[in-house]
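Visitor: Hi, can you walk me through this one? I'm in my first year, so keep it plain.

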Amino acid sequence: HTSALQILLTAYPSHRRRLDRKGVMEHQKDLDAEKKATVIWRGGAFAGEFGDPYLQDTTLEGGHTEPSIDDFVKVARNVVAKHTALHMPLMEVEGGIPKVLQICEQLEAAAGESRRRKQNRGAEGFATSLQNWMERLRSLGPGQQMLSVGGWSRNTGGHGIIYILERASDGLSYSLVIVNTGNGTQYHPTINDRFPKVRSRCAVRIGAIPPKRFLDEAVWHIVLRMMLMRSDAHSPEALYEVILPHLVGDRPLSDAIEASDPVSGDGTNGDWETRQRAGFCYYRCVLSAVKYLLHRDGIALAARKQLTLAIRLGFLEEALVQLARYEGAMQDSDCRLIELACSQTARAAAKAQKLSYASAESLREIYLVISKLQEQLKGRFIPDRPPMSSMAFAVEDIAPAEGSCARFRPFQGFERVFEEGDTSTLAGEITDASPDMFVDLLDPPGGAHRGHSWSLKSICSRIASCRERCDTCCSGRLRLPQSQWPSTRSAL
C-alpha cells in the first residue's frame with residue numbers, strides 16, 4: 001500500500017502553474033454558491049432532509065457540506081431550546097441534550113476549518129492547510145476526538161463524507177470513523193433485508209491504528225488533495241483500496257471494520273441505515289454522523305428517533321417563520337418542496353406514534369405547524385396547478401387520547417386501507433375453477449356469438465338446463481345418442 005500511495009502522489013500535477021489553475025482556487029466559486037440560498041427551503045439541508053427519496057436526477061442535487069452544517073446546527077439548537085420536554089422526553093431523561101449541543105459545536109468547528117482550507121489558494125496555501133492539519137492531529141490528547149469534512153472532488157462533481165478522528169484513552173493508538181451514506185458504501189457492511197431498500201452501516205470505525213501510520217503526512221496529503229483538487233483520479237477506490245488499507249497495515253480492511261461490528265465486535269460501528277438515493281451526500285453524512293455520535297454515547301434508539309423527528313419539525317418551523325416574512329416570488333418548485341416536507345414530516349410522525357416514540361400532544365403540535373404552512377402556501381401557486389396540499393395528502397384531526405394516530409388520505413376512501421375487519425365475505429362462494437383461469441365477468445353484446453343471447457338470465461337458464469340433462473344422463477334413466485349430446489359451446 002505504501003507503493004500505491006507513492007503512485008497516487010506522483011500522479012498529481014506537480015507543475016506550480018497547473019496547481020494554481022486547477023487547485024484550491026476552483027473552490028472559490030463554491031463559496032459564492034452559499035450566498036444563493038437566502039431562505040431555508042432553497043438550501044441543500046432542507047432538500048436533503050425531506051427530498052432524498054424523490055429528487056434523484058433533479059437540479060436540486062449537489063451541494064456543499066459547510067452550509068448544510070450551518071442550517072442543521074441552527075435548527076438543532078432551536079429544537080433543543082423549544083421542544084425538549086414535548087418532543088424529546090427520552091433524550092432529556094438519558095442526558096442526551098448536552099451531547100447534542102456538544103456535537104453542534106464540533107460540527108461548527110469542522111465547517112469553519114473546511115472553509116479556511118478552501119480559502120488557502122495555490123501551492124503555498126495547500127502546504128499551509130496540510131501543515132495546520134498535521135498539527136491538529138498531533139495535538140489530539142488521549143480520549144479526544146475531532147470531526148472533519150471530507151470526501152473527494154472530481155471534474156464532474158464529487159462526494160461528501162465526514163471523518164471522525166479519535167485517539168485512544170491510553171494514547172497508544174488512533175481510530176478513524178468514516179461516515180459515508182452514498183458512493184463507497186459498497187465497501188461497508190450491507191444487508192438487503194428490506195427490499196427494495198439497501199441498508200448499510202454508514203458509519204464504520206477502524207481502530208488500533210498505530211501512530212506511525214496515522215500520523216503519516218503522505219496519507220493526509222492525499223486525503224486533502226482529494227478534497228481540495230478536482231481530478232478524475234479521486235474516487236472511492238482511492239480511499240477504500242489504497243488509503244484505508246495502508247492505515248490498517250497487515251490486517252484486511254474487512255476484518256478491521258468487522259472488529260467494530262455491534263454483533264461480533266466491540267459495537268463501535270454505526271447502526272444499519274438506508275443508503276441515500278439522490279445526490280444529497282453533503283447533508284445525509286452530517287445527519288448520519290450525529291446519529292453515530294449519539295449511538296456511541298449510549299443514547300437509546302428511541303431517543304434518537306425522537307431527535308430526528310424534532311429536527312424535521314424544526315425545519316418546518318423555520319420555513320414557517322421565513323415564509324411569513326418572505327416578500328419574493330415563490331416558484332412552483334418552492335411550493336412543491338415545502339409540501340413534500342409537510343408530507344414527509346406527517347408520515348414520520350404517524351410512524352413514530354405507532355412505535356410509541358411520539359405522544360398525542362407531540363402529533364398535535366406537528367399537525368398545527370403543518371396546517372399553518374398549508375395556509376401560508378395558499379395563493380402562492382401557479383394558477384394552472386392546484387396546491388398539492390389539497391390533493392396529495394391530509395392529516396386527520398388528532399384525538400386527544402393516547403394511542404391516537406395520524407393517517408393520510410391521498411385519495412377518497414384511502415382510510416379503508418387501515419380497516420382490520422373480516423374480509424372473507426368479499427371472497428365469494430367456494431368454486432372449483434382453476435385459479436389461473438381467466439374469467440370475463442363482463443356481458444358481451446347480445447347476439448354477437450352465433451345468435452346466442454348472452455344476458456345473465458339466458459346464461460343461468462342454459463346452465464340449469466344442461467345440469468338437468470347431465471343428471472338424467474348420469475342416472476341412466478335416459479340415454480341420448482351421441483348426435484344429441486350438448487356441445488360445450490351451446491352448454492355455456
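Visitor: How many residues of E3 are buried?
Guide: Six of its six, and E3 is described as mostly covered. Buried means under 20% relative accessible area, while exposed is over 50% and partly exposed falls in between, using a 1.4 Å probe and the protein chains only. E3 is a strand covering 174-179; helices (H or I, at least four residues) and strands (E, at least two) are DSSP runs, numbered from the N terminus.

Visitor: Hang on, what sort of model is this?
Guide: It's a predicted model, where local features need pLDDT of at least 70 and side-chain atom pairs count only at pLDDT 80 or more, although totals for chains, interfaces and linings use all residues. Residues are numbered from 1 along each chain as its sequence is written, and side-chain values use heavy atoms, with hydrogens and water left out.

Visitor: Okay, back to E3. Which residues sit on its two sides?
Guide: Tyr-174, Leu-176 and Ile-178 are on one side, with Ser-175, Val-177 and Val-179 on the other. Both faces are covered, and all of those residues are buried. In a regular strand, side chains alternate between the two faces of the sheet.

Visitor: What order do the strands of the sheet come in?
Guide: It's an open sheet of four strands, E1-E2-E3-E6, with antiparallel pairing. Strands E1 (145-154) and E6 (203-209) are at the edges with a single partner strand each, so one side of each has no neighbour in the sheet. On average, neighbouring strands are turned by 25 degrees against each other, direction ignored. For the pairing itself, DSSP has to find at least two bridges between two strands.

Visitor: How many bridges join E2 to E3?
Guide: Six, and the two strands run antiparallel. Arg-167 is opposite Tyr-174 there. The hairpin of E2 and E3 has six residues between the strands, and in it Gly-171 has a positive phi near 75 degrees.

Visitor: And how many bridges do E3 and E6 pair over?
Guide: Five, again in the antiparallel sense. Leu-176, for instance, has Ile-206 of E6 as its bridge partner. On the E1 side, ten bridges join E1 to strand E2, residues 157-167.

Visitor: Which helix lies across E1, E2 and E3?
Guide: That's H8, residues 122-138, which runs at about 145 degrees to E1. Helix H13, residues 281-296, also packs on the sheet: H13 touches E1, E2, E3 and E6, and its direction makes about 20 degrees with that of E2. Those angles are between axes, meaning lines fitted to C-alpha atoms (for helices, over the stretch in contact), and they run from 0 to 180 degrees between N-to-C directions.

Visitor: Where does Ser-129 lie?
Guide: In H8. Ser-129 has a relative accessible area of 1%, so it counts as buried. Leaving out residues up to four places away in sequence, Ser-129 touches Arg-117, Asn-120 and Leu-224; contact here means heavy atoms within 4.5 Å.

Visitor: New topic: how many aromatic pairs does a search of the whole structure find?
Guide: Eleven. One of them is Trp-41 with Tyr-326, which is edge-to-face, at 5.5 Å centre to centre and 85 degrees between the planes. The two are 285 residues apart: Trp-41 is in the loop between H3 (28-33) and H4 (44-50), and Tyr-326 is in the loop between H14 (301-325) and H15 (332-354). Both are buried.

Visitor: How are Tyr-174 and Phe-214 arranged as a pair?
Guide: They're stacked, at 4.5 Å centre to centre with 5 degrees between the planes. Tyr-174 in E3 and Phe-214 in helix H9 (residues 211-214) are 40 residues apart. Tyr-174 has a relative accessible area of 3%, so it is buried, and Phe-214, at 0%, is buried too.

Visitor: What makes two rings a pair?
Guide: Rings of Phe, Tyr and Trp (its six-membered ring) pair if their centres lie within 6.5 Å. Planes under 30 degrees apart are stacked, over 60 are edge-to-face, and the rest are tilted.

Visitor: Which residues form one aromatic cluster?
Guide: Phe-46, Phe-50, Phe-72, Tyr-283 and Phe-315.

Visitor: Last one: which residue lies over the face of Trp-272?
Guide: Arg-201, at 4.0 Å from the ring centre. Arg-225 does likewise with Phe-126, at 5.1 Å. The rule is that NZ of Lys or CZ of Arg is within 6 Å of the ring centre and within 35 degrees of the ring normal.
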